[in-house]
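Reader: I've got this model open on my screen and would like a close look at a single part of it. Could you walk me through that part and then show me how it sits in the rest?

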Number of protein chains: 2
Amino acid sequence: MTDKKKQILAVALELFANDGFNGTSTSKIAKEAGVSEGLIFRHFEHKNGLLNALVQQAVERIRLLIEPILIETDPKKVIQKSIDLPFALPESEYPFWKLQFKLKWENDYEQDKMRPFIEKLTWAFSNLGYIQARKEAEVLNHIIESISIGILREGRKSQEGLKEFILRKYLK
Amino acid sequence: MTDKKKQILAVALELFANDGFNGTSTSKIAKEAGVSEGLIFRHFEHKNGLLNALVQQAVERIRLLIEPILIETDPKKVIQKSIDLPFALPESEYPFWKLQFKLKWENDYEQDKMRPFIEKLTWAFSNLGYIQARKEAEVLNHIIESISIGILREGRKSQEGLKEFILRKYLK
DNA sequence: GTCTATAAGTAGATAGAC
DNA sequence: GTCTATCTACTTATAGAC
């Protein structure tokens, strides 16, 4: 991947996250990235190719993010790491995740990247003696998702107070 | 409000919810609503006026939706009604609520319509002897929000199993 | 004469081609 | 890197209905 290609993707990510896909023109991307508009089409064929590339990045980034949880063998640590997940996101990646959450509302967006994560949570709750481990996992996943949204929309501080509270709720 | 004005709003709602605000042209709205494009601007001044009208509707609809909870005096019923909230939404209103959740990701969207709801939940938990009533309320609000999103994206059935589980969790 | 509606425009932006 | 056919939000001219 050339520097200019990377630069185009980085700018597209930021603009898509802020102004939406349809609210962002290819000419604006080119201008902000300091490249000619034609280069965008050379690298990505059409505007949608840009989005596809960003979504592909997301698949890999989510995989890396939940990997340490999937290989964890201590059920308590699985839960603790899961709750910590949204708080551990570097702020520089917020636009990236914002875009992913926005895209979830598009009709043709592939879901279920978190399926292995929920399976692992189920395993953890099961191991800790919870009877309805699956439901517990789904509820905790809901909480984590909603906290993530809160962090992305209003900043980490808006949710920080909840972290200790939830940890205690599940691990004491 | 004339029939044609209502018709324009109804079509705009559906198209904005499906294709996004920037992904929807005024000409398409006019065509689908069976009116001339000019009529949109006569009634709503500019395209944004359409959105404003829809958001205004939302403010009122949310108020009506949470009102029965706010006037409830039995704390257990407050929690039960709150958990029931997303499941009680008529399916015909799903596009409407989808649009509201999408708009939450826009920068200039007014938040905090749910503040009185969280206050009431806090009051309920406090009344039931919970020590950290405020945090409990925030967590339950997170769960309800995330379940709502699940219902709007994947249908009511995808979340139905969680309802009894959460009710039992909080009310037994 | 105001209100509701339309059809036919305009100037600028847009994705993509050359 | 210039060009263009198409689409965009919005306007103007016009006119019947109450």
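Reader: In which loop of chain B does B:Glu45 lie?

Author: Before anything else, keep in mind that this is a predicted model. B:Glu45 lies in the loop of chain B that runs between helix H3 (37-44) and H4. What catches the eye there is the backbone: B:Glu45 has a positive phi of about 70 degrees, although it is not a glycine. As for its surroundings, B:Glu45 has a relative accessible area of 61%. The cut-off for exposed is over 50%, so B:Glu45 counts as exposed.

Now hop over to chain A and look up the residue with the matching number. A:Glu45 is found in the loop between helix H3 (37-44) and H4 of chain A. A:Glu45 is not a glycine either, yet it has a positive phi of about 70 degrees. With a relative accessibility of 62%, A:Glu45 counts as exposed.

From that loop you can carry on into H4 of chain A, where two residues are worth a stop. One of them is A:Arg63, which has its place in helix H4 of chain A. A:Arg63 has a relative accessible area of 43%, so it is partly exposed. If you draw a line from its C-alpha atom to that of A:Pro95, you get a separation of 18 Å, with the two positions 32 residues apart along the chain.

The other stop is A:Leu70, also found in helix H4 of chain A. A:Leu70 is partly exposed too, at a relative accessible area of 32%. Leaving aside residues up to four places away in sequence, A:Leu70 touches A:Pro116, A:Phe117 and A:Lys120. Take A:Lys120 from that set: A:Leu70 and A:Lys120 are 50 residues apart along the chain, while their C-alpha atoms are separated by 6.3 Å.

Back in chain B, there's a spot in H1 to check as well. B:Lys4 has its place in helix H1 of chain B. B:Lys4 is partly exposed, with a relative accessible area of 48%. Not counting residues up to four places away in sequence, B:Lys4 touches B:Gly34, B:Val35 and B:Leu39. For B:Lys4 and B:Leu39, the gap in sequence is 35 residues, and the C-alpha to C-alpha distance is 8.8 Å.

H1 and H4 turn up again once you go looking for empty space. The largest pocket has a volume of about 1000 Å³. There are 39 residues lining this pocket, and the closest to its centre are A:Glu106, B:Gly20, B:Phe21, B:Lys102 and B:Glu106. As for the helices around the largest pocket, helix H1 (3-19), helix H4 (47-70) and helix H6 (94-103) of chain A each supply at least two residues of the lining, and so do helix H1 (3-19), helix H4 (47-70) and helix H6 (94-103) of chain B.

Finally, zoom out to the whole of chain A. Chain A has 9 helices and 0 strands, so read from the N terminus on, its elements go α-α-α-α-α-α-α-α-α. Its C-alpha atoms fill a box of roughly 60 × 30 × 30 Å along the principal axes. Chain A has 172 residues, of which 47% count as buried. Take the contacts in chain A between residues at least 6 apart in sequence: 67% of them join residues at least 24 apart. The accessible surface of chain A is about 8700 Å², and 49% of that belongs to carbon and sulfur atoms. On the charge side, chain A carries 27 positive and 24 negative side chains, with the centres of the two sets 2 Å apart.

Definitions and conventions: Residues are numbered from 1 along each chain as its sequence is written. Chains are lettered from A and ligands numbered from 1 in the order in which they are written. This is a predicted model: local features need pLDDT of at least 70, side-chain atom pairs count only at pLDDT 80 or more; totals for chains, interfaces and linings use all residues. Side-chain values use heavy atoms; hydrogens and water are left out. Helices (H or I, at least four residues) and strands (E, at least two) are DSSP runs, numbered from the N terminus. Buried means under 20% relative accessible area, exposed over 50%, partly exposed in between (1.4 Å probe, protein chains only). Contact means heavy atoms within 4.5 Å. Accessible areas come from the Shrake-Rupley method with a 1.4 Å probe; for residues, only the protein chains shown count as cover. Lys and Arg count as positive and Asp and Glu as negative; His and the chain ends are not counted. The place of a charge is taken as NZ of Lys, CZ of Arg, CG of Asp or CD of Glu. On a 1 Å grid over the protein atoms alone, a cavity is a set of points where a 1.4 Å probe fits but cannot get out, and a pocket is an open set with protein on both sides within 12 Å along at least five of seven lines; lining residues have an atom within 4 Å of a point. Grid points are joined across faces, edges and corners, and a volume is the space filled by probe spheres set on the points.
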